[in-house]
Amino acid sequence: EHKVRKIVFLSTDFVLYPDKNPYRDSKLEAEHILRASSLDYTILRPTPVYGKGDDKNFISVWETVRKFPIIPAIRCIMQPVYVGDVVKAILGVMENPKTSRKEYNLPGGSIVSFDGILRFTAKQMGLRRWVMTLPNALMLAMIRVYEAIVPHPAVRYYQVHKWTTNKELSLDE
């Protein structure tokens, strides 16, 4: 009706993990709807996005580093992707017929440890911080308690649990 030629759907890398949560489940359902349709689409699955305008992923990291001299960390790797690279990917698939009805993971170009992200952030902010890497089981238990007592938690259990799987995504596609 509105002459839409193509849909570029921003999903999430959460759909690649088995843990159910409302965010993952809604994105996965949208992917299923697109695949079942006759529409021309491309699905993009960015890993956690960082950059100007971030109000979801790393803003809580920056706030934590700013506020606390001792910061607990989990053992995990991450592949954060720069917001500008996500925009380039969106623009790149919009007019490219080779991307029709395809799905692409969008990991960042570097694999970094979470404690490394915290240390780097503190250094960039000019702050001296002690990053204390704790066993993942302990951190996950602490996140459960935190989520239960804080009305609007900055981080959720399902996010942290996903990080602990240490799944490296390929940049091949």
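**Two buried lysines, one helix face and two nonpolar cores**

In this predicted model, K27 is found in helix α1, which covers residues 22-36. K27 is buried yet forms no salt bridge. The nearest side chain of opposite charge belongs to E31, and it is 8.2 Å away. What, then, does K27 contact beyond its neighbours within four places in sequence? The residues in question are F9, L10, S11, T12 and V15.

A second lysine invites a look alongside K27. K162 sits in helix α6, made up of residues 157-163. Is K162 buried or exposed? With a relative accessible area of 5%, and with buried meaning under 20%, K162 counts as buried. Once residues up to four places away in sequence are set aside, K162 touches D13, F14, Y17 and P48.

Helix α3 offers a good place to see how a helix can present two sides. The twelve residues of α3, 83-94, should span 16 Å at 1.5 Å a residue, and the end C-alpha atoms are 17 Å apart, which agrees. Among the residues of α3, V86, A89 and V93 are buried. Viewed down the axis of α3, the buried residues fall within an arc of 60 degrees, so they line one face of the helix. The general geometry helps here: an α-helix has 3.6 residues a turn, so residues three or four places apart point the same way. On the other side of α3, K88 and L91 are exposed. And what covers the buried residues of α3? The cover includes the strands β1 (7-10), β2 (41-46), β3 (49-50), β6 (81-82) and β7 (102-106).

Attention now turns to the nonpolar cores. In soluble globular proteins, nonpolar side chains tend to be buried together. Here the largest nonpolar core has 21 residues, and those with the most contacts inside it are V61, I74, M78, F114, L118, V160 and W163. Two or more residues of this core come from each of α2 (59-67), β4 (70-73), α4 (114-124), α5 (136-149) and α6. Of these elements, α4 gives the most, with four residues.

W163, listed above among the residues with the most contacts inside the core, is worth following outward. Not counting residues up to four places away in sequence, W163 touches P48, I74, C76, I77, M78, F114 and V155. Apart from this largest core lies another, of eight residues, including V49, V86, A89 and L106. Two of these names are familiar from helix α3, where V86 and A89 are buried.

Technical notes. Residues numbered from 1 in each chain as written. Predicted model: local features only at pLDDT ≥ 70, side-chain atom pairs only at ≥ 80, totals over all residues. Heavy atoms only, no water. Expected span 1.5 Å × (residues − 1). Buried < 20%, exposed > 50% of the residue type's maximum accessible area, 1.4 Å probe, protein only. Arc of directions from axis to C-beta. Contact = heavy atoms within 4.5 Å. Lys, Arg positive; Asp, Glu negative; His and termini not counted. Salt bridge = Lys/Arg side-chain N within 4 Å of Asp/Glu carboxyl O. Core = buried A, V, L, I, M, F, W, Y, C linked by side-chain atoms within 4.5 Å.
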